[in-house]
Amino acid sequence: MNKKILYLDMDGVIADFDGRMKELFPELYTLPEFDDYEKRSDKIDEIVSQNPRLFETLTPMDGAIKAVKELFSLYDVYFLSTPMWAVPESFMGKRIWLEKHFGDDAKKRLILTHRKDLAIGNILVDDRLKNGAGEFKGKHIHFGKNEYPTWKETLRELRHVVNPRLRQLKSLINEKGRDDFGASGMTFEVDQLIKDKVYEEADRSKYDAHGRNKKPFFVDDNGCSRDIQFMLDKGYIEEIFED
Ligand SMILES: [Mg+2]
């Protein structure tokens, strides 16, 4: 199966650049003069020029590391980031940061550019419209805004893109009710990819040598709801009972 190409912006999406700016120069967020984009930008250039290695040590955004680790298995992931031209250390810092948090999974997956619109792919997660992000030809998930305020909503959407039947599963379960769900034949409507994921992490002893469940998929010795609970615990179907 060919995976879709997913681009992830770094600052403001996986690395908390603003958090570090706030520590170094809180006035950037309080003084009205920095509402002006150019002034703000010049000040940031000045702060970073005095701390050129800060990119290596940025704190990850909440939930970002865990989410990206899962996304490596769902997508062909690349990091599409705009470094600071005036700060050559930023080019290096981003490379070091990625290896620090993702090891070999991030190897040769960093694309540094001021023209994100030239990157060919399916989805871009970016907190801004600058540097071509707003003109990206695929789907732009505007991180930090409206529907995607945090990684929780963003990851959910990205799971749905590759597993559209998650949504179907939600309506099926709502229709049948949680307790009846496993006993119905509808358990087999679950996407193969989710099944694979559950096989991968569940107790393998329950399955035969080919990885197939000896019993209908969700039915184990304790009844089917246990596996639904397992999927909920793992976050694969976390949104199902929120309604
Ligand atoms: Mg950004």
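## Two loop residues with positive phi

N131 sits in the loop that runs between β4 and β5 (139-142). Worth a look in this predicted model: the phi of N131 is near 55°, a positive value in a residue that isn't glycine. With a relative accessible area of 25%, N131 counts as partly exposed, because that class covers the range between 20% and 50%.

K108 also turns up in a loop, the one between α4 and β3 (110-112). Its phi is near 60°, again positive in a residue other than glycine. K108 is exposed, at 76% relative accessible area, so it clears the cut-off of over 50%.

## The nonpolar core

Now for the inside. The largest nonpolar core has 42 residues, and the members that touch the most others are I14, F79, F102 and W151. Quite a list of elements chips in at least two residues each: the helices α1 (17-24), α2, α3 (64-74), α4 (88-102) and α5 (151-162), plus the strands β1 (5-8), β2 (76-81) and β4 (123-126). Top contributor is α3, which gives 7 residues to this core.

As a general matter, nonpolar side chains tend to be buried together in soluble globular proteins.

## A negative patch on the surface

Back outside, five acidic residues make up a negative surface patch: D35, D36, E38, D42 and D45. One of them, E38, belongs to helix α2 (residues 37-50). That helix also has a stake in the core, as α2 is among the elements supplying at least two of the core residues.

Technical notes: Residues are numbered from 1 along each chain as its sequence is written. This is a predicted model: local features need pLDDT of at least 70, side-chain atom pairs count only at pLDDT 80 or more; totals for chains, interfaces and linings use all residues. Side-chain values use heavy atoms; hydrogens and water are left out. Patches are made of residues with over 30% relative accessible area and no salt bridge: like charges are joined within 9 Å, nonpolar side chains (Val, Leu, Ile, Met, Phe, Trp, Tyr) within 5 Å. Accessible areas come from the Shrake-Rupley method with a 1.4 Å probe; for residues, only the protein chains shown count as cover. A salt bridge is a side-chain nitrogen of Lys or Arg within 4 Å of a carboxyl oxygen of Asp or Glu. Lys and Arg count as positive and Asp and Glu as negative; His and the chain ends are not counted. The place of a charge is taken as NZ of Lys, CZ of Arg, CG of Asp or CD of Glu. Helices (H or I, at least four residues) and strands (E, at least two) are DSSP runs, numbered from the N terminus. A nonpolar core is a set of buried Ala, Val, Leu, Ile, Met, Phe, Trp, Tyr and Cys residues joined through side-chain atoms within 4.5 Å. Buried means under 20% relative accessible area, exposed over 50%, partly exposed in between (1.4 Å probe, protein chains only).
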